[in-house]
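Biologist: I would like to learn how to read a model of this kind with some care. Could we go through it feature by feature?

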Amino acid sequence: MTSRPHCGRCGERLPEGYLQDRARVVVLAGPAGSGLSTFTAVALHELRHRLGEELGMALLPCDDRTATDVRRYEQPLYEDAHLLPAALPSGASRPLVHRLSRRTGRRERALTFVLLETSERWSAGGDPAEGVQRSLAGADAIVLLLDPRDLTGAVSRPAGRPPTADSAQVVERVLDRLRTAGAGHPDGGRIAIPVAVAVAKLDLVAPQLPPNSPLHRRRSPGPGFDGVDRSAVDTELRALLTLWQSDGIDQRLREGCADYQLFAFSALGRAPRGDAAPPGGPRPHRVEDPLLWLLYRFGLLDHAGRER
């Protein structure tokens, strides 16, 4: 009798059939209050529904536990009209293991797609938990969220509300952890895996952006990866970081990462009121962008208008 395999990244037991397709583990990180759980809930919902139809993809949980954990993420937002709690839901730090497939003509491309949200408070000091370090050691990509309220000049903070984290320090700590975990490239020790750094809660920033900012527009729908749009958004955010006197973040990323991109999104689409989700539920804006870039990097998506 053979036992079920365990994940070398997080130590959890893996679902049956996990090894049938190549696996890609995406670790989600960010300081407290950056909206990691909300991003996870909304991004997975979009991949299963709107984006699945648009891109010809199917996202299916690999086991009942993943299906149950995803429901714990989604039910408060989509059924109960409540925001997710600041603390992770029970079981949410377990890997969410899905089979993600895409058929073009007679050809199917598939991978085991694993999202793992780290529960560590990146804005706090101290040594990394063993589980977090193990997760980073096996990561194939990182999505790092930043709260715009922690970026100088991005959002007008209420009087008396200090930043919850120094975003530049959060970026540096995550990169240090990745290097410690063995993600450094022989070329100067830079991080070799793709790193997506996303400014969350774009709805707080949008009123201050110029009317022609590419962050206002939605990604053009289509079955491929739009590299032109991606470049425009990345360039805009680099300029905004300079405007917000936070260009040190881009400098740290340039020095520490061989492959990184900047993103901005709103998972809810509108600012919530208290603990209540916006009326009508989430209306996300560009929440899918970091994951679509990673799926392109993983070979599941082609450039728009070109199929391999």
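Modeller: Confidence comes before anything else, since this is a predicted model. Here the mean pLDDT of the chain is 83, and 79% of its residues reach 70 or more.

Biologist: Where does pLDDT stay under 50?

Modeller: That stretch is residues 1–5, for which the model nevertheless has eight contacts beyond four places in sequence.

Biologist: How many helices and strands does the secondary structure come to, and what share of the residues is buried?

Modeller: There are nine helices and seven strands in the chain, and of its 308 residues 53% are buried. If one takes the contacts with a separation of 6 or more, 72% of them join residues 24 or more positions apart.

Biologist: Which residues have the most contacts inside the largest nonpolar core?

Modeller: The general idea is that in soluble globular proteins nonpolar side chains tend to be buried together. In this structure the largest nonpolar core has 43 residues, and those with the most contacts inside it are Val26, Phe39, Phe113, Val143, Leu291 and Leu295. Helix H1 gives the most to this core, contributing seven residues. Leu291 serves as an example: apart from neighbours within four places in sequence, its contacts are Phe39, Ala43, Leu47, Phe113, Leu115 and Val143. There is also a second, separate core of 40 residues, with Ala168, Leu178, Leu202 and Cys257 among them.

Biologist: At what angle do helices H1 and H3 pack?

Modeller: For a pair of helices, one reads the angle together with the distance between the axes. H1 (residues 36–48) and H3 (residues 64–78) pack at about 95 degrees, their axes lying 9 Å apart. Because angles of 65 to 115 degrees count as roughly perpendicular, H1 is roughly perpendicular to H3. On the H1 side the contact is made by Ser37, Thr38, Thr40, Ala41, Val42, Leu44, His45 and Arg48, while H3 supplies Val70, Tyr73, Glu74, Leu77 and Tyr78. Sorted by class, the residues of this contact are seven nonpolar, four polar and two charged.

Biologist: And which residues of H7 meet which residues of H8?

Modeller: Helix H7 (residues 227–243) packs with helix H8 (residues 247–256) at an angle of about 130 degrees, with 6 Å between their axes, and the two are therefore oblique to each other. Arg238, Leu241 and Thr242 of H7 meet Asp247, Ile249 and Asp250 of H8. By class, this contact of H7 with H8 has two nonpolar residues, one polar and three charged.

Note on methods:
Residues are numbered from 1 along each chain as its sequence is written. This is a predicted model: local features need pLDDT of at least 70, side-chain atom pairs count only at pLDDT 80 or more; totals for chains, interfaces and linings use all residues. Side-chain values use heavy atoms; hydrogens and water are left out. Axes are lines fitted to C-alpha atoms, for helices over the stretch in contact, and angles run from 0 to 180 degrees between N-to-C directions. Helices (H or I, at least four residues) and strands (E, at least two) are DSSP runs, numbered from the N terminus. Angles under 35 degrees count as roughly parallel, over 145 as roughly antiparallel, 65 to 115 as roughly perpendicular and the rest as oblique. Contact means heavy atoms within 4.5 Å. Ala, Val, Leu, Ile, Met, Phe, Trp, Tyr, Cys and Pro count as nonpolar, Asp, Glu, Lys and Arg as charged, and the others, Gly among them, as polar. pLDDT is the predictor's confidence in each residue, from 0 to 100. A nonpolar core is a set of buried Ala, Val, Leu, Ile, Met, Phe, Trp, Tyr and Cys residues joined through side-chain atoms within 4.5 Å. Buried means under 20% relative accessible area, exposed over 50%, partly exposed in between (1.4 Å probe, protein chains only).
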